[in-house]
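Me: Could you take a close look at the cysteines in this model, and then walk me outward to the cores and sheets? A connected account would suit me best.

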Amino acid sequence: MSTTPAPGSQPDPDRLHRALSKRMPRRAMLGGLGAGSLVALSACTTGSSKPAPDEAASSSKKAAPEATVTSSVADGAAEVNPAQPLTVTASDGTLESVTVTDSAGTPIDGVLDEAKTTWTAGVPLAYASAYTVAAVANNTDGKTTNYQSAFTTVTPTAQIFPGIGPLDGTTVGIAMPVRVYLDSAVADRKAFEQAMTVTSTPAQTGAWSWFSDTEVHWRPQTYWQAGTTVKVDINIFGVAAGNGAYGKENRSISFTVGKAQVSKCNTNEHYYYCYEGDQQVNSFPISAGLEEEGRYTKSGIHVVIDKKEKMTMDSTTYGLALDAGGYQTEVEWATRISNNGEFVHAAPWSLADQGVRNVSHGCINASPENAKWFQQWAQIGDPVEITGTPVPLTAADGDIFDWTLSWDEWVAGSANK
């Protein structure tokens, strides 16, 4: 049978392939096909034309996004509060370097986190300063992004410094309040009060009370518990005080409350009693202020605030002139209990009056032996509760009259009541 196609017809490739397969071995058939036959066979295959896997991965890989750098303080910002935390952050990459310099060109210390994506200033910024920020970040392809910005901080009309009493590390009596003295006026008392905290262990209820725009005290509702530890944190840096003034710096102090010691004196009894807790540990005769205007010992809770083995009593320091019955006298064992001139002190000249009548100019006169004992026993901050006279202790009598106020009166002095 002829394999020649009929005139005008096209060869059937499949038919041709079958015919050749029958006439020769497969190897010979493939070996004997010419280039044209291979081309024809290739045209009949169904194989893919996709590139090799490595080639595909290479051609389909996208470029990594560029790293971006931002600062917590916007470029060009002015009047920035220096208490605001300064951070520099990288997205889609890591920080290679961050340099922040002040107007003098001094670098600011900072810390880069473990992921190298956030830099945080390690020290507070300063008032009235200009800062520049320069950072370099890299994306995952190693492409570099440079960042620069600049800003300025606020210039206060005044920077307010806080003085604190009692002193850090001291041991005080159970009536000692926390006293904060500010060297410039505070118009926004509430803001400052919120920035000041007192933490006691064990915890005790207490509150701040303002005496003026420059003085604020904190006291517990009742006397401190003996053995209490107290921490005072005055975090006013960056706090606006009003009228353009700001807190200058933060300060912290700690103190301990000693034994629960209380002294009591009814001037009509002419005796002085000393207690530790509920136990009376001593009593001795005294002579208080003469019962006439200008010489009364004041009634109220006084606080031991100073002790001197020897000092000169000078009535002119609290307004009593020498030609009006005043005095300047050397005394021993003088323990101050207010700032209006009241002391417990040795008065050998009034021994015959002690326990009998009141003859002093307002002080508590005692024998040298008893005055010495009291001074060596008393702690700064111990309460001295005086009764029996018609003249009360008031704000005019010194800087610690805190306990003459009821709790409601005290809380009324808070800016956050």
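Reply: Cys265 is buried, its relative accessible area being 2% in this predicted model. Cys363 is buried as well, with a relative accessible area of 4%. What about a bond for Cys265? The closest cysteine sulfur to that of Cys265 belongs to Cys274 and lies 9.9 Å away, which is too far for a bond. With a disulfide taken as two cysteine sulfur atoms within 2.5 Å, the count comes to zero disulfides.

From the cysteines, let's move on to the nonpolar cores. The largest of these has 34 residues, and Phe192, Trp208 and Phe255 are the ones with the most contacts inside it. Six strands each supply at least two residues of this core: strand 11 (178–182), strand 12 (196–201), strand 13 (206–212), strand 14 (215–220), strand 15 (229–234) and strand 18 (251–257). Phe255 is a good place to zoom in. Leaving aside residues up to four places away in sequence, Phe255 touches Pro166, Leu167, Thr170, Val172, Val178, Trp224, Thr228, Thr229, Val230 and Val232. There is also a second, separate core of 20 residues, and Val88, Leu95, Val98 and Val133 are among its members.

Val88 leads us nicely to the sheets. Its bridge partner in strand 5 is Trp119. Strand 2 (residues 87–91) and strand 5 (residues 118–121) pair in the antiparallel sense, over three bridges. Both belong to an open sheet of four strands, ordered 1-2-5-4 and paired antiparallel. Strand 1 (68–71) and strand 4 (110–112) stand at the edges with a single partner strand each, so one side of each has no neighbour in the sheet. On average, neighbouring strands here are turned by 15° against each other, direction ignored. As a general reminder, strands of a sheet pair through backbone hydrogen bonds, either parallel or antiparallel.

Another open sheet is worth a visit too. Three strands form it in the order 8-17-16, with mixed pairing. Strand 8 (158–160) and strand 16 (240–242) are its edge strands, each pairing on one side only. Neighbouring strands of this three-stranded sheet are turned by 30° against each other on average, again ignoring direction. Strand 16 and strand 17 (residues 245–247) run antiparallel and are joined by two bridges. If you want a spot to click on, Gly242 stands opposite Ala245 in strand 17.

How values were computed:
Residues numbered from 1 in each chain as written. Predicted model: local features only at pLDDT ≥ 70, side-chain atom pairs only at ≥ 80, totals over all residues. Heavy atoms only, no water. Pairing = 2+ DSSP bridges. Axes fitted to C-alpha atoms, helices over the stretch in contact; angles between N-to-C directions. Core = buried A, V, L, I, M, F, W, Y, C linked by side-chain atoms within 4.5 Å. Buried < 20%, exposed > 50% of the residue type's maximum accessible area, 1.4 Å probe, protein only. Contact = heavy atoms within 4.5 Å.
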